[in-house]
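Biologist: I am teaching a first-year student to read a model slowly, one part at a time. Could you take a single part, look at it closely, and then connect it to its surroundings?

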Amino acid sequence: MAKLKSSLSNMFLSLTLICVFAGGILAGVNHLTSEPIKASQKAKLENAIKKVVPPFDNSPSEEMYMGVTSSGDSLKIYPAKKNGKLVGIAVESFSKKGFSGEIK
């Protein structure tokens with residue numbers, strides 16, 4: 001096989017093909033892993049909620065709603081229910097007054 005002459009068009013074409021190939025692989029991996037990542041994040045949130053509220057049988061992360069504070073910030077509110085009755089609420093709050101920025 002003959003060696004290609006090093007020119008701007010040859011370099012541009014080869015780099016473009018490499019980038020398209022690498023981008024396609026990254027897009028495929030992202031597509032394959034997006035659902036397991038979402039499921040893992042939901043399970044992590046549910047486990048954190050289980051630590052701070054009484055036992056529940058619903059999915060607080062699916063019933064989450066936003067609340068507003070007096071300063072205009074928003075809070076995530078997770079209602080925990082057992083047999084349709086509210087048994088507790090987990091609130092995800094934050095403050096921008098931390099030493100190095102936001103604290104959750």
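What follows is one request about one part and one long answer to it.

Biologist: Please look closely at the salt bridges: how many does the structure hold, and which parts of the chain does the pair of lysine 42 and glutamate 62 tie together?

Modeller: A caution comes before the details, namely that this is a predicted model, and everything below should be read with that in mind. The structure holds two salt bridges. One of them is formed by lysine 42 and glutamate 62, whose closest N and O atoms are 2.5 Å apart. Lysine 42 belongs to helix α1, which covers residues 8–52, while glutamate 62 sits in the loop between α1 and β1, so this pair ties together parts that are 20 residues apart in sequence. The two partners can also be described by their accessibility: lysine 42 is partly exposed, with a relative accessible area of 33%, whereas glutamate 62, at 59%, counts as exposed.

The other salt bridge brings together the side chains of lysine 81 and glutamate 63, with 3.4 Å from N to O. Here, too, distant parts of the chain are linked, since lysine 81 is in strand β2 (residues 74–82) and glutamate 63 is in the loop between α1 and β1, 18 residues apart. Lysine 81 is partly exposed, with a relative accessible area of 29%, and glutamate 63 is likewise partly exposed, at 32%.

Helix α1 offers a useful contrast, because a charged residue can be buried and still have no salt bridge, as glutamate 46 shows. Glutamate 46 lies in helix α1, and its nearest side chain of opposite charge is lysine 42, 5.3 Å away; a salt bridge would need a nitrogen of the lysine within 4 Å of a carboxyl oxygen, so this pair does not count as one. Leaving aside neighbours within four places in sequence, glutamate 46 is in contact with Phe56, Asn58, Ser59, Pro60 and Ser61.

From lysine 81 we can step into the sheet that contains strand β2. Three strands form this open sheet in the order β1-β2-β3, with antiparallel pairing. Strands β1 and β3 (85–92) stand at the edges with a single partner strand each, so one side of each is left without a neighbour in the sheet. From one strand to the next, the twist averages 40°. Between β1 and β2 there are four bridges, and glycine 67 stands opposite leucine 75 in β2.

In soluble globular proteins, nonpolar side chains tend to be buried together. In this model, the largest nonpolar core is made up of six residues, Ile49, Val53, Phe56, Tyr78, Ala80 and Ala90. Of these, alanine 90 touches Ile49, Val52, Val53, Lys76, Ile77 and Tyr78, when residues up to four places away in sequence are not counted. Phe56, a member of that core, is also among the contacts of glutamate 46, which gives a path back from the core to the helix.

Two further places complete the picture. Asparagine 83 is found in the loop between β2 and β3 and counts as exposed, at 69% relative accessibility; asparagine 83 and lysine 51 are 32 residues apart in sequence and 19 Å apart in space, C-alpha to C-alpha. Further along the chain, strand β4 (residues 95–98) is joined by two bridges to strand β5 (residues 101–103), and these strands run antiparallel. A hairpin connects β4 to β5 through two residues, and the bridge partner of glycine 98 in β5 is glycine 101.

Key
Residues are numbered from 1 along each chain as its sequence is written. This is a predicted model: local features need pLDDT of at least 70, side-chain atom pairs count only at pLDDT 80 or more; totals for chains, interfaces and linings use all residues. Side-chain values use heavy atoms; hydrogens and water are left out. Buried means under 20% relative accessible area, exposed over 50%, partly exposed in between (1.4 Å probe, protein chains only). Two strands pair if DSSP finds at least two bridges between them. Axes are lines fitted to C-alpha atoms, for helices over the stretch in contact, and angles run from 0 to 180 degrees between N-to-C directions. A nonpolar core is a set of buried Ala, Val, Leu, Ile, Met, Phe, Trp, Tyr and Cys residues joined through side-chain atoms within 4.5 Å. Contact means heavy atoms within 4.5 Å. Lys and Arg count as positive and Asp and Glu as negative; His and the chain ends are not counted.
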